[in-house]
Amino acid sequence: MSQRVIAPLNRGFLFLDSHPAGCRKVVADMWQAVPARRSDGDGPVALVIGSSAGYGLAATIAGLARAGIRGIGLCFEKAPGRRTGTAGWYRTAATADLAHEHGRDMLFLNGDAFSDAMKDEVADLLKRRYGQLDYLIYSVAAPRRTDPDTGVTYSSVLKPIGEPCRTKTLNFDASGTPEVTEVETAPAAGDDIEQTTAVMGGTDWERWIGHLSGRDLLADGFTTAALSYIGSPLTADIYRQGTIGAAKAHLEATARTLNERLEKLVGGRALTSVNGAAVTQSSTAIPGIALYIGLLRSVLGPGLVPPIDRLTDLWDQLTGIRPLTLDDDGRVRLDTWELTPPVQKAVADRWNSAATSTISDLADLDWFHAEAQRLYGFAVPGIDYTAPVDTDVPWPDPAA
Ligand SMILES: NC(=O)c1ccc[n+]([C@@H]2O[C@H](COP(=O)([O-])OP(=O)(O)OC[C@H]3O[C@@H](n4cnc5c(N)ncnc54)[C@H](O)[C@@H]3O)[C@@H](O)[C@H]2O)c1
């Protein structure tokens with residue numbers, strides 16, 4: 001057992017350690033936020049890929065608490081060692097405990113979703129324990145993917161396409177003082193677009209469906225959803241019109257071809273769910289997004305809908321509690337609250353006057369700073385950070 005006091009140690013928005021008790025509380029609070037739980041443990045069988053953080057964690061908890069799913073959560077996290085485990089490691093342990101407490105048969109696997117070995121492991125586990133799959137939620141955000149067919153490793157980059165882009169960006173210096181600076185990002189060159197699309201586009205999602213269908217593991221009416229983002233004109237150059245946007249366009253095109261395939265195969269469907277901006281480890285790495293979300297929060301206050309609420313809504317639409325509503329491109333839109341003209345105008349006005357000297361008045365920095373820390377289990381209300389905690393939390397037993 002390794003009991004110690006863990007203090008936040010960070011470089012920008014990246015923290016070197018995570019707090020197990022804080023991560024556990026974050027998960028408990030998310031579960032609490034889901035209304036009207038289904039109480040039996042015999043719900044649909046689901047696989048959530050990317051289950052330990054951000055939208056995938058929200059999909060897992062909302063699925064368990066609201067739709068009563070059972071099945072498998074899959075993510076890629078680091079075990080405790082010299083440093084603590086990653087936050088996703090601790091959140092997974094906490095999610096597994098809560099699922100167990102509520103009688104949900106949910107197992108968690110840790111490994112590379114992009115590999116065929118992991119696809120086999122999941123398929124074997126489904127065959128052995130759950131049978132055919134009703135839902136697959138795909139919510140991976142990763143910097144790299146190795147193609148199992150060729151062994152080639154692709155890397156994703158965050159770059160504009162065509163022209164360089166200058167964007168304002170928000171940082172906190174070592175003492176926590178906010179700074180607004182301008183950064184310029186050079187446009188995509190060489191095969192940057194193809195590389196990014198190979199990681200964050202629809203290729204691996206499609207491979208999962210092919211793999212599971214090849215093992216006869218897709219139930220009648222099987223439904224799959226992958227997470228996508230459009231976002232504001234303020235971030236369009238670096239996001240939707242950039243390399244990552246090209247990958248998202250590929251993901252959305254993949255949904256359309258998968259949808260046709262699944263309709264014929266099992267009367268099923270594939271769709272993307274376009275969600276609003278959220279503070280996650282992946283989003284804070286995108287230039288300008290931290291500033292944008294801080295400003296968005298100051299405009300919307302608590303009206304900035306957290307991922308758990310949006311994913312509860314997604315499960316309601318997927319399971320028929322609410323009618324499934326799609327836009328003209330066949331996407332579920334859970335981002336409409338963010339993109340209304342008055343909200344975007346108010347954020348743009350603040351963005352235009354944002355500078356180091358004005359940012360504290362314009363953006364909800366206390367909230368943003370705390371959210372960024374909560375990603376690692378810090379700044380969670382109710383946690384005593386002076387108390388030693390056990391960092392050697394085991395991975396939930398996959399044979400349980
Ligand atoms: N954060 C936002 O503002 C936002 C908005 C809309 C849509 N989205 C989309 O949601 C999806 C998830 O993004 P996020 O921001 O929640 O990310 P995140 O960084 O919070 O979580 C990423 C998840 O992917 C898992 N993962 C990473 N590499 C993996 C691998 N090789 N194998 C298995 N699991 C792996 C991680 O363990 C983690 O569970 C992305 O498609 C993203 O574009 C994000």
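A residue counts as buried if 20 or more other C-beta atoms lie within 10 Å of its own, as exposed if there are 12 or fewer, and as partly exposed in between. Keep that in mind for the views below, which come from a predicted model.

**View 1. A379 sits in a loop with an unusual backbone angle.**
Here we look at the loop between α13 (365-374) and β15 (389-390), where A379 lies. A379 has 18 C-beta neighbours inside 10 Å, so it counts as partly exposed. Its phi is near 60°, a positive value in a residue other than glycine. For background, most residues other than glycine have a negative phi.

**View 2. D216 follows helix α6.**
Another positive phi turns up at D216, again near 60° and again in a residue other than glycine. D216 is found in the loop between α6 and β12. Is D216 buried or exposed? With 9 C-beta neighbours inside 10 Å, D216 counts as exposed.

**View 3. Helix α6 packs its buried residues against several elements.**
Step back from D216 and you meet α6 itself, residues 203-214. At 1.5 Å a residue, the 12 residues of α6 should span 16 Å, and its end C-alpha atoms are indeed 16 Å apart. Which residues of α6 are buried? They are D204, W205, E206, W208, I209 and L212. What do these buried residues pack against? Their partners are two helices, α4 (116-130) and α7 (243-266), along with the strands β7 (133-138), β8 (144-146) and β12 (218-228).

**View 4. Strand β5 pairs with β4 and β6.**
Strand β5 covers residues 70-75, and 6 of its 6 residues are buried. On one side of the story is β4 (residues 45-49), which pairs with β5 in the parallel sense over 5 bridges. To find one of these bridges, look for A46, whose partner in β5 is G71. Getting from β4 to β5, the chain passes through helix α2 (residues 54-67), and this β-α-β crossover is right-handed. Strand β5 also runs parallel to β6 (residues 106-110), and 5 bridges join the two. Here G73 has F108 in β6 as its bridge partner. Helix α3 (residues 87-101) joins in too: together with β5 and β6, α3 makes a right-handed β-α-β unit.

**View 5. A shell of residues surrounds the ligand.**
How many residues surround the ligand? There are 29, and the closest are G50, A53, G54, A113 and T280. Three elements, α2, β5 and β12, each supply at least two residues of this shell. Helix α2 gives the most, with 3 residues. Sorted by class, the shell has 14 nonpolar, 13 polar and 2 charged residues.

**View 6. G22 meets residues from far along the chain.**
The last close-up shows G22, in helix α1 (residues 20-32). G22 counts as buried because it has 27 C-beta neighbours inside 10 Å. Its C-alpha atom is separated by 7.7 Å from that of Y376, although G22 and Y376 are 354 residues apart along the chain. Which residues is G22 in contact with, leaving aside its neighbours within four places in sequence? Look for G377, F378, V380 and I383.

Conventions:
Residues numbered from 1 in each chain as written. Predicted model: local features only at pLDDT ≥ 70, side-chain atom pairs only at ≥ 80, totals over all residues. Helix = DSSP H or I, 4+ residues; strand = E, 2+ residues; numbered from the N terminus. Pairing = 2+ DSSP bridges. Right-handed = clockwise from strand over helix to strand, strands pointing away. Expected span 1.5 Å × (residues − 1). Contact = placed C-beta atoms within 7 Å. Near = placed C-beta within 6 Å. Nonpolar A, V, L, I, M, F, W, Y, C, P; charged D, E, K, R; others polar.
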